[in-house]
Amino acid sequence: MQPPQRVGPALPGATEPTERADAARNRRRLLDAAQELVREHGVDALTMDALAKRAGVGKGTVFRRFGNRTGLMYALLDHSEILAQEAFIFGPPPLGPGAPPVERLVAFGRARLLDIEVEGELHRAAELGSSENHYSSGPYLVLKTHVTMLLRDAGAAADPTLLADALLAALGATLVLHQIRTLGYSREQIGDNWEALVRRVADSTAQ
């Protein structure tokens with residue numbers, strides 16, 4: 001399994017391997033504060049001024065760390081993606097290793113849906129680019145590799161790589177936001193549908 005992958009290009013807010021421990025802690029504190037702001041008030045409320053006030057630092061500190069608001073968005077996406085990747089690569093079962101592959105797939109989907117409203121808005125705000133870039137990006141390929149591996153372990157008869165793309169499409173931020181905001185479904189309902197889909201795919205491919 002690949003190590004956690006970043007969403008965007010290297011930016012002033014990106015953690016480098018040589019970053020001092022105190023600098024890394026300060027960066028984490030800023031990103032935790034940014035995540036709180038988005039969860040409480042939405043992505044439009046996340047400004048450099050608002051983050052500085054929430055974190056109790058000067059605005060110049062925020063600009064030096066992230067460069068600009070787009071840099072902050074990428075850094076926050078990285079923060080969210082890396083935490084998610086660490087959970088399913090190294091975390092406890094059923095999301096992490098140690099559970100049957102189908103149960104891990106179910107847990108994976110439900111975990112991805114937990115913060116989809118936040119992550120979906122961040123992707124929109126950061127303007128990550130075309131869908132072609134998305135499907136070849138490091139974070140997407142980590143997710144695809146993980147789902148492909150679990151499908152293979154579950155005994156998928158069809159091409160697990162193609163199945164992985166199909167399953168991940170059901171967790172796409174644009175679709176899930178439409179289901180929640182326009183169609184009125186809850187994350188729990190969408191998660192139940194994900195579980196039914198995964199179990200149906202596993203049952204049909206294992207025969």
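## Exercises on a predicted helical model

In helix H10, the buried residues are Val176, Leu177, Gln179 and Ile180. Here buried means under 20% relative accessible area, exposed means over 50%, and partly exposed lies in between (1.4 Å probe, protein chains only). Helices (H or I, at least four residues) and strands (E, at least two) are DSSP runs, numbered from the N terminus.

This is a predicted model, in which local features need pLDDT of at least 70 and side-chain atom pairs count only at pLDDT 80 or more, while totals for chains, interfaces and linings use all residues. Residues are numbered from 1 along each chain as its sequence is written, and side-chain values use heavy atoms, with hydrogens and water left out.

### Exercise 1: a helix face

Work out why the buried residues of H10 can be said to line one face of the helix.

Step 1. Begin with the buried set: Val176, Leu177, Gln179 and Ile180.

Step 2. Look down the axis of H10: its buried residues fall within an arc of 160°, so they line one face. The arc is that of the directions from the helix axis to the C-beta atoms.

Step 3. Recall the general geometry: an α-helix has 3.6 residues a turn, so residues three or four places apart point the same way.

### Exercise 2: the cores

Find the residues with the most contacts inside the largest nonpolar core, and the helices that contribute to this core.

Step 1. Fix the term: a nonpolar core is a set of buried Ala, Val, Leu, Ile, Met, Phe, Trp, Tyr and Cys residues joined through side-chain atoms within 4.5 Å.

Step 2. The largest such core has 29 residues, and Phe88, Phe108, Val147, Leu151 and Leu168 have the most contacts inside it.

Step 3. The elements that each give two or more residues to this core are H4 (69-90), H5 (101-114), H8 (138-153), H9 (160-169), H10 (173-181) and H11 (187-205).

Step 4. Now zoom in on Val147, which touches Leu105, Phe108, Ala164, Leu167 and Leu168, leaving aside residues up to four places away in sequence. Contact means heavy atoms within 4.5 Å.

Step 5. There is also a second, separate core of 20 residues, with Ala34, Ala55, Val62 and Leu76 among them.

### Exercise 3: ring pairs

Classify the 2 aromatic pairs that the structure holds.

Step 1. Set the criteria: rings of Phe, Tyr and Trp (its six-membered ring) pair if their centres lie within 6.5 Å, and planes under 30 degrees apart count as stacked, over 60 as edge-to-face and the rest as tilted.

Step 2. The ring centres of Phe88 and Phe108 are 5.5 Å apart and the planes stand at 80°, so this pair is edge-to-face. Phe88 belongs to H4 and Phe108 to H5, so the pair ties together parts 20 residues apart in sequence. Phe88 counts as buried at 2% relative accessibility, and Phe108 counts as buried at 1%.

Step 3. For Tyr135 and Tyr140, the centres are 5.2 Å apart and the planes are at 80°, so this pair is edge-to-face as well. Tyr135 is partly exposed, at 46% relative accessible area, whereas Tyr140 counts as buried at 7%.

### Exercise 4: salt bridges

Trace how salt bridges link the helices, using three of the 10 in the structure.

Step 1. A salt bridge is a side-chain nitrogen of Lys or Arg within 4 Å of a carboxyl oxygen of Asp or Glu.

Step 2. Arg54 and Glu40 meet at 2.7 Å, N to O. The pair links H2 (residues 48-55), which holds Arg54, with H1, which holds Glu40, 14 residues apart. Arg54 is partly exposed at 32%, and Glu40 is partly exposed at 47%.

Step 3. Lys59 bridges to Asp49, with the closest N and O atoms 3.2 Å apart. Lys59 lies in H3 (residues 59-66) and Asp49 in H2, so parts 10 residues apart in sequence are tied together.

Step 4. Glu195 bridges to Arg110, with the closest N and O atoms 2.9 Å apart. Glu195 lies in H11 and Arg110 in H5, so the pair ties together parts 85 residues apart in sequence.

Step 5. Place that last pair in context: Glu103, Arg110, Asp192, Glu195 and Arg199 are linked in a network of salt bridges.

### Exercise 5: backbone details

Locate the cis peptide bond between Pro93 and Pro94, and the positive phi just after H1.

Step 1. Most residues other than glycine have a negative phi, and most peptide bonds are trans.

Step 2. The bond from Pro93 to Pro94 is cis, with omega near 10°. Pro94 sits in the loop between H4 and H5.

Step 3. Gly42, just after H1, takes a positive phi of about 90°.
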